[in-house]
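Colleague: I would like to learn how to read pockets and a bound ligand in a model such as this one. Could you take me through it, beginning with the pockets?

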Amino acid sequence: MRFDNAVFEAAFGTEKQLPPSDLPEIAFSGRSNVGKSSMLNKILSRKALARVSSTPGKTQTVNFYRLGEVRLVDLPGYGYAKVAQSERARWSRLMEHYFSGERDIKLCVQLVDMRHPPTKDDLQMLDFLNQTGTPFVVVLTKSDKLNKTQRAERLEKIKQELAFLGEREIIPFSSQNGEGVEALRSRIESAIL
Ligand code: GTP
Ligand code: MG
């Protein structure tokens with residue numbers, strides 16, 4: 001599978017705008033600022049296809065990127081405290097609609113910041129994916145920010161924190177130094193085949 005010919009397709013801000021699924025999809029989910037858009041750019045070998053920002057809440061819409069006959073979906077992040085109630089409600093409706101079971105979601109890439117234990121929202125999202133039988137993989141972001149000791153410690157602890165999901169492959173990832181890029185690309189490829 002080629003990862004170097006992606007194009008931006010469209011952005012959707014409300015559940016009514018979201019078109020029916022007509023292609024296999026790979027979704028990227030996680031809290032605001034965890035690194036979803038950066039990850040997309042990295043695996044697609046592009047500098048700024050998806051907009052990145054150091055301020056949480058950058059991606060507010062469901063963004064479709066077309067990669068041949070596959071669609072990569074950048075989802076707006078959750079868990080950002082400074083979001084108005086009305087925005088939060090819009091986000092919930094959008095996400096509920098996206099995950100309503102009518103789409104051909106081949107894989108949900110669930111991002112968790114490698115530096116910290118999963119948040120309550122992360123655990124809720126993971127539980128939801130697990131309960132609904134949505135195929136997913138956990139990817140630990142910003143691995144470049146940890147030293148060797150911290151890294152070993154987090155890798156050990158996360159196994160316990162996510163024990164409720166059973167044995168799961170966990171991919172450490174860095175958009176900065178490229179760790180995990182090949183592992184994630186192959187995971188996506190096998191999800192689509
Ligand atoms: P929202 O769109 O707000 O939901 O955020 P997002 O999950 O798309 O995060 P985004 O990719 O915009 O990155 C947020 C910040 O984290 C930016 O300042 C990025 O440069 C930084 N960042 C993302 N990935 C990495 C990484 O692997 N390593 C380091 N050091 N910084 C990263
Ligand atoms: Mg984003």
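Modeller: Please keep in mind throughout that this is a predicted model. A sensible start is to ask which element contributes to a pocket wall, and here helix 2 gives the most to the lining of the largest pocket, with seven residues.

Colleague: What is the volume of the largest pocket, and which residues lie closest to its centre?

Modeller: The space in the largest pocket comes to about 600 Å³. Its lining is made up of 23 residues, and those closest to the centre are Tyr-78, Gly-79, Trp-91, Ser-92 and Met-95. Two elements, helix 2 (85-98) and helix 3 (120-131), each give two or more residues to this lining. Sorted by class, the lining of the largest pocket holds 10 nonpolar, eight polar and five charged residues.

Colleague: In which pocket does ligand 1 sit?

Modeller: For that one looks at where the atoms of the ligand fall relative to the pocket, and ligand 1 sits in the second largest pocket, whose volume is about 500 Å³. This second largest pocket is lined by 26 residues, with Asn-33, Gly-35, Ser-38, Val-52 and Lys-142 nearest its centre, and helix 1 (residues 36-43) supplies the largest share of the lining, five residues. By class, the lining of the second largest pocket comprises four nonpolar, 15 polar and seven charged residues.

Colleague: Which residues around ligand 1 come nearest to it, and how does the shell divide by class?

Modeller: There are 22 residues around ligand 1, and Lys-36, Ser-38, Gly-57, Thr-59 and Asp-144 come nearest. The shell consists of three nonpolar, 13 polar and six charged residues.

Colleague: Where do backbone or side-chain atoms approach an oxygen atom of ligand 1, and how much of the ligand is buried?

Modeller: Here it helps to separate backbone from side-chain approaches. For Asn-33, a backbone N or O atom lies 2.9 Å from an oxygen atom of ligand 1, and for Gly-35 a backbone N or O atom likewise lies 2.9 Å from an oxygen atom of the ligand. Lys-36 instead uses its side chain, a polar atom of which lies 2.7 Å from an oxygen atom of ligand 1. Ligand 1 exposes 660 Å² when taken alone, and the protein buries 88% of that.

Technical notes
Residues numbered from 1 in each chain as written. Chains lettered and ligands numbered in written order. Predicted model: local features only at pLDDT ≥ 70, side-chain atom pairs only at ≥ 80, totals over all residues. Heavy atoms only, no water. Near = heavy atom within 4 Å. Polar contact = N/O pair within 3.5 Å; in protein donor to acceptor, adjacent residues only side chain to side chain. Areas by Shrake-Rupley, 256 points an atom, 1.4 Å probe, with all protein chains shown as cover. 1 Å grid on protein atoms, 1.4 Å probe; cavity = no way out; pocket = protein on both sides within 12 Å on 5 of 7 lines; lining within 4 Å. Sits in = over half its atoms within 2 Å of the grid points. Nonpolar A, V, L, I, M, F, W, Y, C, P; charged D, E, K, R; others polar. Points joined across faces, edges and corners; volume = space filled by probe spheres on them. Helix = DSSP H or I, 4+ residues; strand = E, 2+ residues; numbered from the N terminus.
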